[in-house]
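Got the structure open in front of you? Let's walk through it together, one region at a time.

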Amino acid sequence: MSSNIPRITIVGAGAAGCFCAAQLKSGLPGADIRIIEAGRRPLAKLSITGGGRCNISNDFSTVHSLAEVYPRGANLMKRALKEFPVQATLDWFGKRGVLFRTENEGRIFPASDDAMQIVNTLLSAVEGVSITTGQRVDRLSDSDIHVITCGGGRGTEILKNLPVKIETPVPSLFSFNISDSPSGGRAAITALSGLCCKAALFIPGTGLRSEGDLLITDWGFSGPAALKLSSYAARYLAGLSYRSPIVVRWTLLNENELRSELDRIRRDNPRKMLRSVGPEGLPARLWDYLLNRSGLEGTRPYSELGQKGLGRLVQTLMVDTYQISGKNRFRDEFVTCGGVSLSSLNINTLECKEHPGLYFAGEILDVDAITGGFNLQAAWSTAAIVSKSIISKYGT
Ligand SMILES: Cc1cc2nc3c(=O)[nH]c(=O)nc-3n(C[C@H](O)[C@H](O)[C@H](O)COP(=O)(O)OP(=O)(O)OC[C@H]3O[C@@H](n4cnc5c(N)ncnc54)[C@H](O)[C@@H]3O)c2cc1C
């Protein structure tokens with residue numbers, strides 16, 4: 001160990017700050033490590049993650065490309081996941097007694113279903129590190145090393161006087177308020193509140209799209225498809241004050257496939273009412289609504305569905321346009337898009353290029369993900385990069 005053990009101040013006792021402190025404590029025994037936290041207790045947010053179950057990571061088994069899950073920071077995450085992969089996270093917590101369970105879409109949770117187990121594991125790992133709570137840091141102290149892990153949103157205030165470029169923080173992972181006031185006795189989409197179906201969503205003219213389960217709520221659209229689109233379109237929609245058209249494709253078939261499917265249904269069921277048979281996978285309530293939205297009477301038999309009516313149905317199912325009129329907070333998870341620009345940092349160490357000894361990890365970075373455990377994995381991996389680079393500089 002070098003005789004010149006540094007004094008290290010970590011700003012923010014969240015997932016990244018505590019994980020970084022735990023690594024530094026074991027890698028630099030004897031170092032003077034302190035964490036300063038603005039809130040009343042450390043890891044308060046971690047305790048409510050994943051609805052109190054903590055979706056700690058993801059096995060990436062359903063991920064095709066990192067850019068698909070990290071709309072900002074995919075290149076950094078490629079490197080960070082090499083340096084500190086998912087398995088390293090599981091090993092680290094596993095060694096401390098945490099067992100895991102993997103759920104749909106690769107989501108990893110503690111088998112205890114209790115975020116407090118993750119919180120307590122981290123708290124034990126940082127035992128001996130000084131944690132001051134209730135103190136908001138607004139400037140750097142005289143420490144040799146600062147690790148800024150103060151999360152997204154308001155956390156960026158501390159950066160005002162530092163030589164880092166800031167990508168303006170805007171919210172990500174929200175649901176959409178939809179204004180839909182149909183005329184002629186038609187029901188509004190929100191009348192289907194509670195209904196969940198597979199769909200694709202698009203912001204017209206942008207190339208921004210997502211696919212997956214769409215949940216219709218009292219206020220509009222939520223569920224994985226909407227949250228994913230909110231992440232991809234976070235900056236674009238912020239620029240439009242969250243007012244934009246949005247297109248729903250109610251089927252994952254392409255237009256030709258859908259046309260032949262509807263043709264087949266029409267041929268096979270000439271006497272049946274339109275509302276009684278719909279394309280496979282479409283909930284009956286939704287089919288009824290879509291017939292109505294296409295101006296078709298659901299009680300009419302299929303034999304009366306002409307080419308024009310069929311064309312209108314195809315159009316509604318493929319390109320059903322609504323108006324986003326605002327965003328709604330998604331209660332289970334939200335993150336900040338934006339933060340410290342990666343261009344200001346050495347990507348291998350996450351140290352500020354113009355301020356040696358100043359490091360960043362976690363959500364304060366311009367890195368964020370869709371839901372599924374990817375955001376916490378970013379916190380673990382980027383904190384590991386920082387701790388490793390500090391340890392390699394000051395350890396023996
Ligand atoms: C409700 C909710 C549920 C979530 N669930 C999941 C999930 O299941 N899986 C997942 O992957 N992600 C989830 N996320 C996202 C995930 O929690 C964050 O990405 C992660 O916590 C980021 O860690 P962090 O340490 O960078 O920041 P944070 O955990 O936000 O910690 C930052 C800390 O810094 C403190 N701080 C801020 N400014 C200052 C200052 N100036 N001085 C001192 N202290 C300061 C804050 O009080 C805070 O304690 C969820 C988010 C929310 C809001």
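A good place to start is the ligand, and the helix that does most for its surroundings: the largest share of the shell around the ligand, 4 residues, comes from H11. Keep in mind as you look that this is a predicted model. In total, 37 residues surround the ligand, and the closest are Gly-12, Gly-14, Gly-50, Gly-151 and Gly-362. Two elements give two or more residues to this shell: helix H1 (15-27) and helix H11 (374-394). What sort of residues make up the shell, sorted by class? There are 18 nonpolar, 13 polar and 6 charged ones.

Let's stay with H11 for a moment and see what it packs against. Helix H3, which covers residues 74-83, packs with H11 at an angle of about 70 degrees, and their axes are 9 Å apart. An angle from 65 to 115 degrees counts as roughly perpendicular, so that is the word for how H3 and H11 sit relative to each other. If you want to find the contact on screen, look on the H3 side for Met-77, Ala-80, Leu-81 and Glu-83. Their counterparts on H11 are Ala-378, Ser-381, Thr-382, Ala-384, Ile-385 and Lys-388. Sorted by class, the residues of this contact come out as 6 nonpolar, 2 polar and 2 charged.

Now step back and look at the whole chain. The domain assignment splits it into domain 1 (7-171 + 332-394) and domain 2 (175-329). Notice that domain 1 is written as two stretches of the chain. The C-alpha centres of the two domains lie 39 Å apart. Where they touch, domain 1 puts in 7 residues and domain 2 puts in 10. On the domain 1 side of that contact you'll find 6 nonpolar residues, 1 polar residue and no charged ones.

Next up are the sheets. Strands of a sheet pair through backbone hydrogen bonds, and the pairing can be parallel or antiparallel. One sheet here is open and has 3 strands, in the order E3-E5-E4, with antiparallel pairing. Which strands are at its edges? They are strand E3 (57-58) and strand E4 (100-102), each of which pairs on one side only. E4 is joined to strand E5 (residues 107-110) over 3 bridges. To see one pairing up close, find Arg-101, whose bridge partner in E5 is Phe-109.

The other arrangement to trace is a barrel. Here 6 strands close up in the order E9-E12-E11-E10-E13-E14, again with antiparallel pairing. From one strand to the next, the twist averages 50 degrees. Try following a few of the pairs. Strand E10 (residues 196-203) and strand E11 (residues 208-216) run antiparallel over 8 bridges, and Cys-197 stands opposite Leu-214 in E11. A helix joins in here too: H6 (residues 223-232) packs on the sheet and touches strand E9 (174-179), E10, E11 and strand E12 (220-222). The direction of H6 makes about 145 degrees with that of E11.

Finally, take a look at E9, which has a partner at each end of the strand order just given. E9 pairs with E12 over 2 bridges, with Asn-177 standing opposite Gly-220. E9 also pairs with strand E14 (residues 320-329), this time over 6 bridges. In that pairing, Phe-176 has Lys-327 as its bridge partner.

Terms used
Residues are numbered from 1 along each chain as its sequence is written. This is a predicted model: local features need pLDDT of at least 70, side-chain atom pairs count only at pLDDT 80 or more; totals for chains, interfaces and linings use all residues. A residue is near a molecule or strand if its C-beta atom, placed from the backbone, lies within 6 Å of it. Ala, Val, Leu, Ile, Met, Phe, Trp, Tyr, Cys and Pro count as nonpolar, Asp, Glu, Lys and Arg as charged, and the others, Gly among them, as polar. Axes are lines fitted to C-alpha atoms, for helices over the stretch in contact, and angles run from 0 to 180 degrees between N-to-C directions. Angles under 35 degrees count as roughly parallel, over 145 as roughly antiparallel, 65 to 115 as roughly perpendicular and the rest as oblique. Two residues are in contact if their C-beta atoms, placed from the backbone, lie within 7 Å. Two strands pair if DSSP finds at least two bridges between them. Domain bounds come from an automatic or database domain assignment.
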